[in-house]
Number of protein chains: 2
Amino acid sequence: MPYFIITYDISEERVNKVRKTLKKYFMWVQNSVFEGEIGIGKLQQCINELLEIINHEEDSVYFYQIDNRHNCAKMVLGIEKEMTDHFL
Amino acid sequence: MPYFIITYDISEERVNKVRKTLKKYFMWVQNSVFEGEIGIGKLQQCINELLEIINHEEDSVYFYQIDNRHNCAKMVLGIEKEMTDHFL
């Protein structure tokens, strides 16, 4: 299954909705970053939900797709955040 | 040359310094995201500079390394930001 890194920059009034949606499909790994494997059907569902929420002239979401997770190494400087338990 | 996606979550008082450093080596593509190819020597130099700036108990920088840029596809929802001209 393809692996995704998702980064976003969303206006304050919509950011919680975007996080709630991404949290249903991916792991929250840093303030503005989610990660995870996903099948194509679920991915399409996630994208459709996001398209309903975001303002297309102000907000920005990037999906970086890596075909094989092992083609991507992650190095951490400072702390590795575990955001999953933060209240939304 | 390996390709990097760099994401960060840095306290307000240090974030501009971190951006200035990353801007020397990578392209600023979203508020908290840089991208680019880099050789191992320059990468080490960049990391050394960041390690001097960040607070290791509060700040967080992730380097996602992709061996071949063509193994990574990018999909954009909303706007694709061009941050490079923003004043730092």
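Here are some notes on how the two chains of this predicted model fit together and where its pockets lie.

1. A word on ground rules. This is a predicted model, where local features need pLDDT of at least 70, side-chain atom pairs count only at pLDDT 80 or more, and totals for chains, interfaces and linings use all residues. Residues are numbered from 1 along each chain as its sequence is written, chains are lettered from A and ligands numbered from 1 in the order in which they are written, and side-chain values use heavy atoms, with hydrogens and water left out.

2. Start with the pair of chains. Chain B superposes on chain A by a rotation of 180 degrees with 0.0 Å of shift along its axis, at an RMSD of 0.0 Å (a least-squares fit on the C-alpha atoms of residues with pLDDT of at least 70 in both copies). The two copies are thus related as by a two-fold rotation axis. Both copies use the same surface: 100% of the contact residues of chain B recur in chain A (contact being heavy atoms within 4.5 Å).

3. Now one sheet. Its five strands form an open sheet in the order 2(A)-3(A)-1(A)-4(A)-5(B), with antiparallel pairing. Strands here are DSSP runs of E, at least two residues long, and helices are runs of H or I, at least four, both numbered from the N terminus; two strands pair if DSSP finds at least two bridges between them. At the edges are strand 2 (27–30) of chain A and strand 5 (72–78) of chain B, each pairing on one side only. On average, neighbouring strands of this sheet are turned by 25 degrees against each other, direction ignored.

4. Inside that sheet, strand 1 of chain A and strand 4 (residues 60–66) of chain A run antiparallel and are joined by seven bridges. Thr7(A) has Tyr62(A) in strand 4 of chain A as its bridge partner.

5. Which strands does helix 1 of chain A lie across? They are strand 1, strand 2 and strand 3 (33–37) of chain A, and the helix runs at about 175 degrees to strand 1 of chain A. Helix 2 (residues 40–53) of chain A also packs on the sheet, touching strand 1 and strand 4 of chain A together with strand 5 of chain B. Angles run from 0 to 180 degrees between N-to-C directions, with axes being lines fitted to C-alpha atoms, for helices over the stretch in contact.

6. There is another open sheet of five strands, in the order 5(A)-4(B)-1(B)-3(B)-2(B), with antiparallel pairing. Strand 5 (72–78) of chain A and strand 2 (27–30) of chain B stand at its edges, each with a single partner strand, so one side of each has no neighbour in the sheet. In chain B, Tyr8(B) stands opposite Val61(B) in strand 4.

7. Finally, the largest pocket holds about 200 Å³ of space. Its lining includes Tyr8(A), Arg19(A), Asn31(B) and Ser32(B), and helix 1 of chain A gives the largest share, three residues. (On a 1 Å grid over the protein atoms alone, a pocket is an open set of points where a 1.4 Å probe fits, with protein on both sides within 12 Å along at least five of seven lines; lining residues have an atom within 4 Å of a point. Points are joined across faces, edges and corners, and the volume is the space filled by probe spheres set on them.)

8. The second largest pocket has about 170 Å³ of space. Asn31(A), Ser32(A) and Tyr8(B) are among the residues that line it, and helix 1 of chain B gives the most, with three residues.
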